[in-house]
Amino acid sequence: MKARTVKERSTTEGATIALEPMTKAVALPFVTVVVPCRNEEKHIGRCLESILANDYPKDRMEILVLDGMSEDRTREIVAGYSERYPMVRLVDNPKKHIPVAMNIGIREARGERILKMDAHSTYQPEYISRCVQYQDLYDAENTGGVWKMVPGADTAMARAIVLGLGHRFGSGNANVKVGVDKPTWSDSTAFGCFRKDLFERIGMYDEKLLSSSDLDLNQRICAAGGGILVVPDVVISYMADANLRAFRRHVFADGVWVSYVMKFGKRAWSWRHWIPAVFVLSLVTTFAVSAVNRGFLWLGLGIAGVYAAVNVAVSLQIAIRERDPRYVILLPIVFAVRHFVHGIGTLFGLVLVVLPGEHWKGRRGRKA
């Protein structure tokens, strides 16, 4: 794989580059947008409208909606767009899973560039053109932006979930969630813009990984010497979980897949993904050992006390910034779910790795 060059060193040290408008359509790469979806009747229309509103020339792009055999009105809605816009095409994904959808989309693609776009999100008008231009400017194998997370409902809890995910106490150094100030090399980015020939060199999405397939792909890119670029002015409006129950289920499943990927011989994680599990395990271990050694009880209480103090302090800081005292109560709950439930999920995933057979089905644990 082509190594990053002097262009990288000169561009990463400065501020965000001012990009020229894309006016010479004949010189632009043909782009294939791949949108995996299933039962997204509430969101697929807004998603497609935002993609169609992009400033990238329509004769230099196609939109493939990879539908996992939706049981609601998703297929009907997409078919309506296909009738009005020739570049929109509905493609079946019988196996229903996202990595399968991406592989079908890549094989069907006519484009030199592949953009993965999420059906649950909307995109700024310059999204496609900026991804392509930054990819060329930095010679990146994967280029994308940051999530501007929006509440899944008009409630204080939904807004607290967004605030918690967007803070470093909730998401660590996940640039895609906490944001960056300038184009930054990272271990992941939002969805991604790829050159099609990348998949000939490092392989396709791993269809066994019903979650974490993006992390696995990004790890293979880095292992092959490629770069993953996060750009601050490439922004995706991503709808977060609407309530604590959905958030808890989502976080638990994400935690499971941190460790469960080892069942398939993969290492699709970063150090930050293991911190909640280490934290939970330290508490469980110290309190368990305290039954025979009283000193460990105080150690466990000390760890729990420091965590509680930091949790409350961060929540108070956000509540003051947002001028809403409700977050003093809601955010500690969000952070606790984010850390404890994720950590428990990762430890549970380790148990599943040891057990024979595959016990975790789908992204959230349900059989597809």
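The expected span of a helix is 1.5 Å times one less than its number of residues, and that rule is a useful check to carry into this tour of a predicted model.

Begin by selecting α13, residues 295-322. With 28 residues at 1.5 Å a residue, α13 should span 40 Å, and its end C-alpha atoms are 41 Å apart, which agrees. Colour the buried positions next: Gly300, Tyr307, Asn311, Val314, Ser315, Ile318 and Ala319 are buried in this helix. An α-helix has 3.6 residues a turn, so residues three or four places apart point the same way. The buried residues of α13 pack against α6, α7, α12 and α14. Just past the end of the helix, select Arg323, which follows α13 and has a positive phi, near 55°.

Now add α14, residues 327-354, and look at how the two helices meet. The axes of α13 and α14 come within 8 Å and cross at roughly 130°, and these helices are therefore oblique to each other. The crossing in which α13 passes α14 is right-handed. From α13 the contact is made by Tyr307, Asn311, Val314, Ser315, Leu316, Ile318, Ala319 and Glu322, while α14 contributes Tyr327, Val328, Leu331, Pro332, Phe335, Ala336, His339 and Phe340.

Keep α14 on screen and bring in α12, residues 275-289. The axes of α12 and α14 are 7 Å apart, and the helices pack at an angle of about 90°, which makes α12 roughly perpendicular to α14. To display this contact, select Pro276, Ala277, Phe279, Val280, Leu281 and Leu283 in α12, which meet His339, Phe340, His342, Gly343, Ile344, Thr346 and Leu347 in α14.

The next selection is α6, residues 156-165, a mostly covered helix in which nine of the 10 residues are buried. Among those buried residues are Met157, Ile161, Val162, Leu163 and Leu165. What should be shown around α6 to see its cover? The elements that cover its buried residues include β6, α7, α8, α11, α13 and α14.

From α6, move to Ala240, which lies in the loop between β9 and α11. Ala240 is buried, with a relative accessible area of 8%. Setting aside neighbours within four places in sequence, Ala240 is in contact with Val150, Gly152, Ile161, Val162 and Leu165. For a distance across the model, pick the C-alpha atoms of Ala240 and Val354, which are separated by 32 Å and lie 114 residues apart along the chain.

Two further backbone positions deserve a stop. Asp139, in the loop between α5 and β6, has a phi near 55°, a positive value in a residue other than glycine, and Asp139 is buried, with a relative accessible area of 15%. Phe191, in strand β8, also has a positive phi, of about 65°, although it is not a glycine, and its relative accessible area of 11% makes Phe191 buried.

Finish with the cysteines. How many disulfides does the structure hold? There are zero, where a disulfide is a pair of cysteine sulfur atoms within 2.5 Å. The sulfur of Cys37 is 8.3 Å from the closest cysteine sulfur, in Cys47, too far for a bond, and Cys37 is buried, with a relative accessible area of 8%. For Cys222, the closest cysteine sulfur is in Cys193, at 16 Å, again too far for a bond, and Cys222 is partly exposed, with a relative accessible area of 37%.

Key. Residues are numbered from 1 along each chain as its sequence is written. This is a predicted model: local features need pLDDT of at least 70, side-chain atom pairs count only at pLDDT 80 or more; totals for chains, interfaces and linings use all residues. Side-chain values use heavy atoms; hydrogens and water are left out. Buried means under 20% relative accessible area, exposed over 50%, partly exposed in between (1.4 Å probe, protein chains only). Helices (H or I, at least four residues) and strands (E, at least two) are DSSP runs, numbered from the N terminus. Contact means heavy atoms within 4.5 Å. Axes are lines fitted to C-alpha atoms, for helices over the stretch in contact, and angles run from 0 to 180 degrees between N-to-C directions. Angles under 35 degrees count as roughly parallel, over 145 as roughly antiparallel, 65 to 115 as roughly perpendicular and the rest as oblique. A crossing is left-handed if the near helix is turned anticlockwise from the far one by less than a right angle, and right-handed if clockwise.
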